Amino acid sequence: MSAEPSPEGRAVPFYCPYCGDEDLMPEAEPTGAWKCESCRRVFTVKLVGLALE
Ligand SMILES: [Zn+2]
């Protein structure tokens with residue numbers, strides 16, 4: 001698995017935002033989704049933008 005941003009803009013989470021586990025696997029659908037192997041939640045990480053400060 002590459003850490004480089006993919007064309008669809010998939011962000012790479014390092015921890016599950018729900019249970020905190022590090023065992024994440026890419027999901028084919030929906031695009032850019034990740035599956036937590038610990039709690040089985042499937043989620044996406046969306047970049048909103050940069051903070052002004
Ligand atoms: Zn989890």
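**Exercise 1: the core**

Which five residues make up the largest nonpolar core?

*Solution.* Start with the rule: a nonpolar core collects buried Ala, Val, Leu, Ile, Met, Phe, Trp, Tyr and Cys residues joined through side-chain atoms within 4.5 Å. Buried stands for under 20% relative accessible area, exposed for over 50% and partly exposed for what is in between, with a 1.4 Å probe and protein chains only. Applied here, the largest core consists of Cys16, Leu24, Trp34, Cys36 and Phe43. Two members can be checked by number: Cys16 is at 3% relative accessibility, so it is buried, and Phe43 is buried because its value is 6%. Over the protein chain, 19% of the 53 residues are buried.

Before going on, note that the model is predicted: local features need pLDDT of at least 70 and side-chain atom pairs pLDDT 80 or more, while totals for chains, interfaces and linings take in all residues. Residues are numbered from 1 along each chain as its sequence is written, and side-chain values use heavy atoms, without hydrogens or water.

**Exercise 2: the strands**

How many helices and strands does the protein chain have, and how do S1 and S2 pair?

*Solution.* First, count DSSP runs, numbered from the N terminus: helices are H or I with at least four residues, strands are E with at least two. The chain has zero helices and three strands, giving the pattern β-β-β.

Next, look at pairing, which requires at least two DSSP bridges between the strands. S1 and S2 (residues 33–36) are antiparallel, with four bridges. Five residues separate them in a hairpin, and Gly32 in the turn has a positive phi of about 80°.

Finally, pick out one pair of facing residues: Met25 is opposite Lys35 in S2. Lys35 counts as buried because its relative accessibility is 18%. Beyond four places in sequence, the contacts of Lys35 (heavy atoms within 4.5 Å) include Asp23, Glu27 and Arg40.

**Exercise 3: the zinc site**

Which residues are the protein donors of the zinc ion, and what is the geometry of the site?

*Solution.* Search for donors, meaning N, O and S atoms within 2.8 Å of the metal (3.2 Å for Na, K and Ca); water is not among the atoms, so sites may look incomplete. The search returns the SG atoms of Cys16, Cys19, Cys36 and Cys39, lying 2.3 Å from the zinc ion. Their sequence spacing reads C-x2-C-x16-C-x2-C.

Then test the angles: four donors are tetrahedral if all angles lie between 85 and 135 degrees. Here the angles run from 105 to 117°, and the site is tetrahedral.

Now add the surroundings. Cys19 is partly exposed because its relative accessible area is 38%. Cys36, apart from neighbours within four places in sequence, is in contact with residues including Cys16, Cys19, Leu24 and Phe43.

**Exercise 4: the aromatic pair**

What kind of aromatic pair do Tyr18 and Phe43 form?

*Solution.* Rings of Phe, Tyr and Trp (its six-membered ring) pair when their centres lie within 6.5 Å; planes under 30 degrees apart are stacked, over 60 edge-to-face, and the rest tilted. One aromatic pair passes this rule. Tyr18 and Phe43 are edge-to-face, at 5.9 Å centre to centre with 65° between the planes. Tyr18 is in the segment before S1 (24–27) and Phe43 is in S3 (residues 42–44), so the pair ties together parts 25 residues apart in sequence. As a last step, compare accessibility: Tyr18 is exposed at 52%, whereas Phe43 is buried at 6%.

Technical notes: Four donors count as tetrahedral if all angles lie between 85 and 135 degrees; four count as square planar and six as octahedral if opposite donors are over 155 degrees apart and all others between 65 and 115; anything else is irregular.
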